[in-house]
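Open your viewer, get comfortable, and keep the selection tool at hand. We will go from one stop to the next, and at each stop you will hear what to select and what is there.

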Amino acid sequence: VSHRLLLVLAALLAFPLVGLATIVGHQEYLRASAPVITVALRGVDPRDLLRGHYLVGDLAWNWAPDGATAKQPAHGRICLTQTTGSDRLSARFMPIVETPPQGSCTAVLAGWYTPGVGGFGAGFTPNGVGGDYQRQLRFYVPQAQAQRLETLMRERPGALAVDLAVLPDETAVIKGLRVDGVPFNR
Amino acid sequence: MIAERYLRRWTTAGLIDAAAAARISEWERAHARPLGLWAMAGIGAIAIGLGVMAVVGANWEEIPPWLKLGVCFVLQIVLAGAVWHAASRGWVWTRELAALLLFALVLAGIALIGQVYQLQSAPWRAMVLWLGLSTPFMAVATRTVLSGIVWGVAAAVTWFSAWDPLSDALRTVIEGAGPGSWYDAWPVWYTLTFLLAPLMVAVGGLRRLWPGARGQGQAILAVALLGGVVAASAVVSFDVGSHDRFSLLRLAAIVVLATALAAWAAFASSDDSQPWRVPAILGATTLVWLIGMSLVRVADLGPHSLELTLRAAVFVAFWAFLAWLASRDGRRGWLAVCVTVIGLRLLIVYFEAIGGLTATGLALIGGGVLLIALAAVGWTVVRRLAPPAPAAVGAGS
């Protein structure tokens with residue numbers, strides 16, 4: 001084997017290591033620097049096949065009175081604003097063609113909107129959360145605690161919430177889970 | 001022992017004398033491996049591995065994320081070092097095994113990072129990232145057929161895991177509009193399944209250009225070609241119909257373009273005396289696929305029997321062509337496979353045409369006679385392709 005080929009091989013073997021280390025570093029950087037919002041979780045149906053390992057849920061946004069009037073599923077953005085007298089951010093959906101008003105939103109997230117059906121309120125899955133086609137949030141939890149958390153989510157709406165790091169490109173990553181406002185510790 | 005039985009058989013037939021039989025028997029005894037002990041040791045090693053995995057799995061929640069990631073990176077560094085060391089020393093199987101383990105560990109690392117950081121994305125993105133990070137070192141470090149096939153399977157799994165975005169892309173290209181222009185799953189399924197074959201043939205062809213990995217490229221190409229043959233045969237076999245009027249011409253243009261690319265790669269990388277063989281099979285395969293897709297597109301081609309006959313005729317003609325190529329190249333095994341496939345298809349024709357108990361009985365009798373006749377013809381042809389008898393070899397030497 002030639003010396004040059006061995007050098008090339010060494011570089012190529014380092015490539016996946018560097019690639020994965022970059023992903024880890026990037027995620028650490030995002031979690032350290034991005035602003036964080038807390039959104040309540042609500043149950044979804046059907047449950048996931050990997051139930052017991054992943055908490056499957058949907059984000060329960062605090063919609064403004066005129067915030068979720070769209071009748072069709074669509075790509076778009078939500079503008080999150082702080083309202084007086086409430087510690088929860090208020091959400092308003094805008095179709096993708098609309099530009100969020102400058103400076104008036106505490107945070108803006110792009111994603112997929114679904115109108116409310118029956119007693120199930122409107123939904124919005126930010127890009128970066130819920131996968132490309134699943135449109136469901138999956139949070140890895142210890143198996144021993146999965147059932148308790150799932151029951152809690154179903155029977156006491158608002159008890160579970162997630163911290164979302166809002167990135168500059170209007171996507172979100174899950175930073176952590178909260179139970180009754182307290183960060184969930186594995 | 002099986003070898004002893006064959007030695008007695010060959011000695012009785014006069015192919016070898018008793019002295020040669022004794023020498024062979026002695027040599028086999030001297031080189032015999034304690035397979036039972038090897039198997040026991042292997043089972044022990046597997047048990048240890050599974051035990052370690054079970055212990056780690058049971059305590060997975062207790063292991064802090066940084067430790068999981070740290071161990072994963074250390075293992076990757078160790079394996080990467082092993083690949084490099086084995087490559088520098090020329091230890092073929094150590095290098096291949098370490099490279100395959102590293103290949104698997106990169107995927108495990110991606111899954112681990114996804115779990116630790118709660119990353120939410122479709123599985124195909126992780127698979128594409130995996131292939132993107134691993135293919136370069138696999139291409140340089142590995143040479144064996146095994147590694148090539150493992151990589152090919154990984155590529156195929158990635159292709160099918162990306163089914164949704166590929167379907168959307170295909171629909172966008174065909175209809176010139178956004179995703180979801182037409183929703184019929186069969187044309188998409190048939191096209192995406194078939195497209196994988198020319199793409200992998202092209203990969204195998206290009207891989208053959210590197211002399212050290214020629215056998216690996218040849219294996220990828222052969223498996224891909226076989227996949228294409230099976231996919232085209234399936235398209236022309238099943239009458240699924242179609243509810244949407246998709247653009248067959250645009251679909252055909254994509255497939256023909258991919259086939260032409262693959263045929264060129266296979267032709268350019270060939271060093272045997274018949275460089276046209278793979279392009280010819282690819283061309284015939286694409287033609288059969290096109291006929292099958294045309295039948296899917298028209299959905300209702302006059303009387304049902306006409307479509308059944310057409311499908312069967314195209315199928316049989318295709319496999320007869322493959323049989324002719326196999327006989328031309330003296331490949332007895334493949335010739336036997338082709339004859340068997342044709343026989344089974346003709347038997348299915350009988351069942352497709354039956355109605356009532358009498359007709360069923362007649363169909364079974366007719367199909368049976370046909371199969372026996374085909375087997376007789378196939379046997380005759382296969383015998384003609386038999387290698388020269390030992391006497392002839394001896395006479396020539």
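The tour below visits chain A, then the place where the chains meet, then chain B.

**Before you start**

This is a predicted model, in which local features need pLDDT of at least 70 and side-chain atom pairs count only at pLDDT 80 or more, while totals for chains, interfaces and linings use all residues. Residues are numbered from 1 along each chain as its sequence is written, chains are lettered from A and ligands numbered from 1 in the order in which they are written, and side-chain values use heavy atoms, with hydrogens and water left out.

**Stop 1: chain A as a whole**

Select chain A and show it as a cartoon. You should find 2 helices and 11 strands; here helices (H or I, at least four residues) and strands (E, at least two) are DSSP runs, numbered from the N terminus. Trace the chain from the N terminus and the elements come in the order α-β-β-β-β-β-β-β-β-α-β-β-β.

Now turn the chain around. Along the principal axes, its C-alpha atoms fill a box of roughly 70 × 45 × 30 Å. Chain A has 186 residues, and 47% of them count as buried. Buried means under 20% relative accessible area, exposed means over 50%, and partly exposed is in between, with a 1.4 Å probe and protein chains only.

Switch on a surface for chain A. Its accessible surface comes to about 9,800 Å², and 56% of that belongs to carbon and sulfur atoms. Such areas come from the Shrake-Rupley method with a 1.4 Å probe; for residues, only the protein chains shown count as cover.

**Stop 2: two loop residues in chain A**

Where does A:Glu170 lie? Look in the loop between β9 (160–166) and β10 (172–179) of chain A. Its phi is near 70°, a positive value in a residue other than glycine. A:Glu170 is partly exposed, with a relative accessible area of 23%.

Next, select A:Asp180, in the loop between β10 and β11 (182–183). A:Asp180 also has a positive phi, of about 50°, although it is not a glycine. With 45% relative accessibility, A:Asp180 counts as partly exposed.

**Stop 3: where the chains meet**

Show both chains together. How many residues of chain A are in contact with chain B? There are 35, and they are in contact with 36 residues of chain B; contact means heavy atoms within 4.5 Å.

The size of an interface is often given as the accessible area lost when the parts come together. Here the two chains bury about 3,200 Å² between them, 67% of it on carbon and sulfur atoms. Buried area is the accessible area (1.4 Å probe) that two parts lose on being put together, summed over both. Select A:Leu13, A:Leu20 and A:Tyr140: in chain A they lose the most area to chain B, together 20% of what that side buries.

**Stop 4: chain B and the cores**

Hide chain A and look at chain B, with its 16 helices and 0 strands. Of its 397 residues, 38% count as buried. The accessible surface of chain B comes to about 21,300 Å², with 74% belonging to carbon and sulfur atoms.

A nonpolar core is a set of buried Ala, Val, Leu, Ile, Met, Phe, Trp, Tyr and Cys residues joined through side-chain atoms within 4.5 Å. The largest one has 89 residues; B:Phe103, B:Phe137, B:Val201, B:Trp289, B:Met293 and B:Trp319 touch the most other members. Helix α5 (residues 92–116) of chain B gives the largest share of this core, 11 residues. A second, separate core has 35 residues, including A:Trp63, A:Ile78, A:Leu109 and A:Tyr113.

Zoom in on B:Trp289. Among the residues it touches are B:Tyr190, B:Phe194 and B:Leu251.

**Stop 5: two buried residues in chain B**

Select B:Leu79 in helix α4 (residues 65–89). Is B:Leu79 buried or exposed? At 17% relative accessibility, B:Leu79 counts as buried. Its contacts include B:Ala98, B:Leu101 and B:Leu105.

Finish at B:Arg311, in helix α13 (residues 304–328). B:Arg311 is buried, with a relative accessible area of 1%. Show its neighbours too: B:Arg311 touches residues including B:Val235, B:Asp239, B:Leu295 and B:Arg345.

Notes
Lists of a residue's contacts leave out its neighbours within four places in sequence.
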